[in-house]
Amino acid sequence: MFFQSKKKKILKDLLLLDPELKTRVKELEKIISEIIISRPETKFDKNFIKELKDQIMAVAPAPSSPIINFINMKKIYYFAGALAVIVLISVPLAYQFFKSGGELAGPIPDNGAEENVFASEIKKVEPRAFGLLAFASQTSTGTMKGGAATAVSSDIKTASAVSPVAMGLGGGGGASAGMAIREGEYYPMPPYEEPVSYRFVYGGEIPDITESEMPVYMRIKDGRLASRFFSELADMNLGLIDLSSFADPIIQNLSLAEDREYGHTIFINFIDNLISIDQNWEKWPRPENNCQEEKCFADLRLKEEDILADEEIIAIANDFAVKYGINLDSYGPAEVDNTWRLYYNQTVNKADFYFPDVVSVLYPLLIDGQAVYEESGNKTGLRINVSVRERLATGVYGLFGQQYESSNYGIIKEKEKILSLVERGGWGRRFGYYSDTGKVIDIELGAPVLSLVNIWQYDGAKSRELAVPALVFPVVKIPEGAYVYERNIIVPLVSEMWGEADRGMGGVIEPMPMPLITPAAEDSAPVEGR
Amino acid sequence: MKNEKDIIIKCQSGDLSEFARLYDAYARKIYDFIYYKTHHKETAEDLTSKTFFRAIKGFSSFNPESGSFSSWLFQIARNSVIDHYRSFKNEIDLEDVWDLAVDSGVERDFDACEKLKKVEKYIASLEREQREIIIMRVWQGMSYAEISAILGKTEAASKMVFARAISKLRESMPLELLALLLIIWE
């Protein structure tokens, strides 16, 4: 089709220039088709062009102080505009610079993108544009469920999403489901232990909140790339199926794999504007696959001296980000997630501890300059995982387009209410067990900071991701023996969310004791012992 | 591309970070333009490199009032090619490979030579401006608007030059070779 249109254009050119050629049109058409490849190939080399670009931009002089030419008044307006832009950019950058203790906030690679379709954007919309925020979040990443004494916290859930090895709990065991129970035998109940309540204590003053409204941010998932990528694929007839027969198709997701040693795979979700990178497992060594016995597995376990220093782990993550042009503009300085050290410190038999193969580096998400936390109290953001064994980055998670709408919502101001929820453990523990009549352990909190908390809300199959203003109270002191893994206690400030929080307050949720094991039925055949 | 004029203003105010956009818009065109004047990949790459380095270093000397950026950039490219060939034979007014005899000994890509065997003598017989317009229009697929911006002419004048070049070729070339020239490759 393309060649035909070009051929027609050439003929039209010729006929316009010399109408006498009309008598020789058929002859011309035949010749054009046969000799089309006679044009010399210029051997255009994309790699050369890219390398040349890098070299040229490397010598591009830095912006010099603009000289105001009073003769050409037009330039003054351009200078004033440029100055305004410089001020607008430099103030938040300077704030970040000094806030991070003098270290720049992560590498910002020049990825050469002509157009950043994922450019950060916050679009302000009318107040309460997101509707009711008061229905329950169902599968929040950080919600704690169950009793306060349980050791399974959202910290572990976060860690296990990264690597099951990072939990560091070691050991195994427990009753096999197949054990035979003979008639008349019962397994003794473990002795009843009084449940422990944790009281989170803040002795300072809640800061005065002067605003009656604050912005709530909702991440936009507009599938902006869905129809742009590889649209040519939709017209292809693969032989097995004709894709062009699909009406108005869009590309929803795409995965690519590096076919090289230590290569990676990238998965792009165009609908949710979400990107993740993982190991291309076929290209990474897996020595455990060669193990036949326990000693082999034990020999592969890392030791404490194998764990890299935080600086080295961060350097590996930063290098990976630069290499793949990962845009870190919307994130704060890198921090190593050392949650595994909390479990290590609590472990009695440290020699049997499973040191993590993979350690996660967190680049905290910033929206409008504010840090964003999960309901569990952990910071949320971009994670780059680093293999301690290979000293290489293994994957990237939480990389998504930073486009938001912001809408103002009413803010709660009653300090007594805020402190009451703080005492119970904040938003993450609002449905948890709490009783001030039993054993209570006090956990000391520091002064709160106004930040944002990530809230997920579901409406049928659709989900939406909100960032809600909240007070974040850092946990500063945990008594020995207390199983508290939160680093921060979160109290959202949007007033209409408090109806949900109130449901968890005032009432006591009693822990239920385990039922006795009943004898097996007579016709159950015993199972071979394990 | 973002408004070229805005980019040029920003570059001239001292911030050359936007020069990358101009580079992206013109790199291929400049390279092809030079290749059709040299018929040698390495030479074309070398001269493309020189063109852009001269452009970025001399950007402050570009006067938007006196012509388009493309005209200025292509003139730098043209001068780079002239400088290159004058290093071979200083006493002869050389502008590009078309001015050289086939057996001049200057390096050229073999496959380009083979493809151009039939048409070379006819294209070489054109005036330099005619040859440039023919190549830009036919092989590089540029519009008359682009060509006129590069040459600093009006569109009508560019079309007139193109028409005269075609007429000259029709007088000297067999019809099938005329059609060869008028294939636009994409």
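Colleague: What lies over the face of A:Tyr354?

Modeller: In this predicted model, that would be A:Arg301, at 3.7 Å from the ring centre. The cut-off for a charge over a ring is 6 Å from the centre, along with an angle limit of 35 degrees from the normal.

Colleague: And which ring does the charged end of A:Lys350 sit over?

Modeller: The ring of A:Tyr344, with 5.4 Å to its centre. The limit is again within 6 Å.

Colleague: What makes A:Tyr262 and A:Trp284 an edge-to-face pair?

Modeller: Their centres are 5.0 Å apart and the planes meet at 80 degrees. Pairing needs centres within 6.5 Å, and edge-to-face needs an angle over 60, so the label fits.

Colleague: Why say that this pair ties parts of chain A together?

Modeller: Because A:Tyr262 is in the loop between strands S4 and S5, while A:Trp284 is in the loop between strand S6 and helix H6, 22 residues apart in sequence.

Colleague: Why is A:Trp284 called buried, and what is A:Tyr262 called?

Modeller: Buried means under 20% relative accessible area. A:Trp284 has 7%, so it counts as buried. A:Tyr262 has 22%, so it is partly exposed.

Colleague: Over in chain B, how do you know that the length of helix H4 agrees with what is expected?

Modeller: At 1.5 Å a residue, its 18 residues (69-86) should span 26 Å, and the end C-alpha atoms are 26 Å apart, so the two agree.

Colleague: What makes H4(B) mostly covered?

Modeller: Of its 18 residues, 14 are buried. For chain B as a whole, 55% of the 186 residues count as buried.

Definitions and conventions:
Residues numbered from 1 in each chain as written. Chains lettered and ligands numbered in written order. Predicted model: local features only at pLDDT ≥ 70, side-chain atom pairs only at ≥ 80, totals over all residues. Heavy atoms only, no water. Helix = DSSP H or I, 4+ residues; strand = E, 2+ residues; numbered from the N terminus. Expected span 1.5 Å × (residues − 1). Buried < 20%, exposed > 50% of the residue type's maximum accessible area, 1.4 Å probe, protein only. Phe/Tyr/Trp six-rings, centres within 6.5 Å; stacked < 30°, edge-to-face > 60°.
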